[in-house]
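User: Could you go through this model with me? I would like to start with the sheets and then move on to whatever else stands out.

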Amino acid sequence: MKYIVLLCCLLPLCLSAQQNGPRRFRLPKQLPEVSGLYLQSPDSLWWHNDSGAPPTLFCTDARGRLLDSLRLPARNQDWEDLTADDRGNFYIGDFGNNSNARRDLQIYIYHPGRRQLDSIQFVWPDQQAFPPPKAQRNFDAEGFFWFRDSLHIFSKDHYRYGHSLTKHYILPAQPGRQSVLLRDSLQLPKRVVTAAAISPDGQTVALLSYTFRKVLGFIPWSAATIFYFRDFEGSHFLKGKRYKRRAPSFLLATQFESLDFLDNRQVYIASERTLHIRQKAKRAKLRKRHFKD
């Protein structure tokens, strides 16, 4: 009888693990520099690589097995993040700007139903020089998401010369040249933002960030932190209550580049391949005590 009771206790846990997939998994070889992630469903994850790679979206299941690929008639100058609206349209952020010198920032819009590709062109409203002085190079971006007919982009400060500042920009999710609004900014100590996502219920915004240094002057070391914001008003996300969770760590330095919500409290994060570590994804839970329900 006691074995039956034990089995009954373990069965829900096994079913839950099966439904969500493994807590960590490798990504296929086609994604060595994984940079963007969008969860279409718990077992349908869309990804892309960053600058210089073919303009292709890849779909995997929750175990990292390749299901599909979609090559777009576009250019991957520096794709940095991926999101979708409530009608199933994909948005690909071609706004990577390490040199802070780009004048051709854009976001591709792919309509799967019509197999049509549009784009949004924009410039940063507060950038005057291309590039600006090193200490002012805060016009790179690697994270964004769609929310209520708008796109919300979060800048990545220059790691060596910046001040750990991320800026929140908003622009309409409509094709053509669009004006951009600078909404808020926030310093995240010694962290640069590499991905952004909003929970399915619209109540939590998460920013993936990392830091890097060399221990003893030659051993590369990195750590990632998920900052998440709740109890904000409207789209003033950075003015909400801020919490943080250390991301699951890797033994050696790597770059954490991708993030999206599995449900209202769980996220997937992914890192690109390095010399010693293969590209991987991991599932992490945000802290339960920060959620009223």
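User: How many bridges join strand 2 to strand 3?

Analyst: Keeping in mind that this is a predicted model, strand 2 and strand 3 run antiparallel and are joined by six bridges. Within that pairing, Leu-39 has Leu-45 in strand 3 as its bridge partner.

User: And which strand order does that sheet have?

Analyst: The order is 2-3-4-5, in an open sheet of four strands with antiparallel pairing. Strand 2 and strand 5 are at the edges with a single partner strand each, so each of them has one side without a neighbour in the sheet. From one strand to the next, the twist averages 25°.

User: What about strand 4 and strand 5, how many residues lie between them in the hairpin?

Analyst: There are five residues between the two strands of that hairpin, and Gly-64, which is in the turn, has a positive phi of about 85°. Strand 4 covers residues 56-60 and strand 5 covers residues 66-71, and five bridges join these antiparallel strands. Phe-58, for instance, has Ser-69 in strand 5 as its bridge partner.

User: Staying with this sheet, is Trp-47 buried or exposed?

Analyst: Trp-47, which belongs to strand 3 (residues 44-49), counts as buried because its relative accessibility is 0%, and the cut-off for that class is under 20%. Its side chain makes a polar contact of 3.0 Å with the side chain of Thr-60. Trp-47 is also 6.8 Å from Val-34, C-alpha to C-alpha, although the two are 13 residues apart in sequence.

User: OK, changing topic. Where is the other four-stranded open sheet, I mean which strands are in the one with the order starting at 15?

Analyst: That sheet has the order 15-16-17-18, again with antiparallel pairing. Its edges are strand 15 (192-198) and strand 18 (241-246), and since each has a single partner strand, one side of each is left without a neighbour in the sheet. Neighbouring strands are turned against each other by 25° on average, with direction ignored.

User: How many bridges join strand 15 to strand 16 there?

Analyst: Six bridges join strand 15 to strand 16, the latter covering residues 205-215, and the two strands run antiparallel. One of the pairs can be named, as Ala-197 has Ala-206 in strand 16 as its bridge partner.

User: Now pockets. What is the volume of the largest pocket?

Analyst: The largest pocket holds about 440 Å³ of space. It is lined by 26 residues, of which Tyr-38, Ile-198, Ser-199, Pro-200 and Asp-260 are the closest to its centre. The elements that each contribute two or more residues to this lining are strand 2 (34-41), strand 6 (81-84), strand 10 (140-147), strand 15 and strand 19 (256-261).

User: Which of those gives the most, and what is the lining like by class?

Analyst: Strand 2 gives the most, with five residues in the lining of the largest pocket. By class, that lining has 17 nonpolar residues, five polar ones and four charged ones.

User: Since strand 19 came up, what does the side chain of Ser-258 have at 3.4 Å?

Analyst: A polar atom of the Ser-258 side chain lies 3.4 Å from the backbone oxygen of Ser-35. Ser-258 is in strand 19, and it is buried, with a relative accessible area of 0%.

User: And Gln-266, which side chain does it contact?

Analyst: The side chains of Gln-266 and Arg-283 are joined by a polar contact of 3.0 Å. Gln-266 is located in strand 20 (residues 266-271) and counts as buried, at 6% relative accessibility.

User: Last topic, backbone oddities. Which residues does the cis peptide bond join?

Analyst: The cis peptide bond joins Phe-130 and Pro-131, with omega at about 5°, and Pro-131 is in the loop between strand 9 (116-121) and strand 10. Most peptide bonds are trans, and most residues other than glycine have a negative phi.

User: What is phi near in Asn-100 and in Arg-148?

Analyst: Phi is near 60° in Asn-100 and near 55° in Arg-148, a positive value in a residue other than glycine in each case. Asn-100 is in the loop between strand 7 (90-94) and strand 8 (106-111) and is buried, with a relative accessible area of 1%. Arg-148, in the loop between strand 10 and strand 11 (150-156), counts as exposed at 60% relative accessibility.

Notes
Residues are numbered from 1 along each chain as its sequence is written. This is a predicted model: local features need pLDDT of at least 70, side-chain atom pairs count only at pLDDT 80 or more; totals for chains, interfaces and linings use all residues. Side-chain values use heavy atoms; hydrogens and water are left out. Two strands pair if DSSP finds at least two bridges between them. Axes are lines fitted to C-alpha atoms, for helices over the stretch in contact, and angles run from 0 to 180 degrees between N-to-C directions. On a 1 Å grid over the protein atoms alone, a cavity is a set of points where a 1.4 Å probe fits but cannot get out, and a pocket is an open set with protein on both sides within 12 Å along at least five of seven lines; lining residues have an atom within 4 Å of a point. Grid points are joined across faces, edges and corners, and a volume is the space filled by probe spheres set on the points. Ala, Val, Leu, Ile, Met, Phe, Trp, Tyr, Cys and Pro count as nonpolar, Asp, Glu, Lys and Arg as charged, and the others, Gly among them, as polar. Buried means under 20% relative accessible area, exposed over 50%, partly exposed in between (1.4 Å probe, protein chains only). A polar contact is a pair of N or O atoms within 3.5 Å; within protein, one must be able to donate a hydrogen and the other to accept it, and residues adjacent in sequence count only if both atoms are side-chain atoms.
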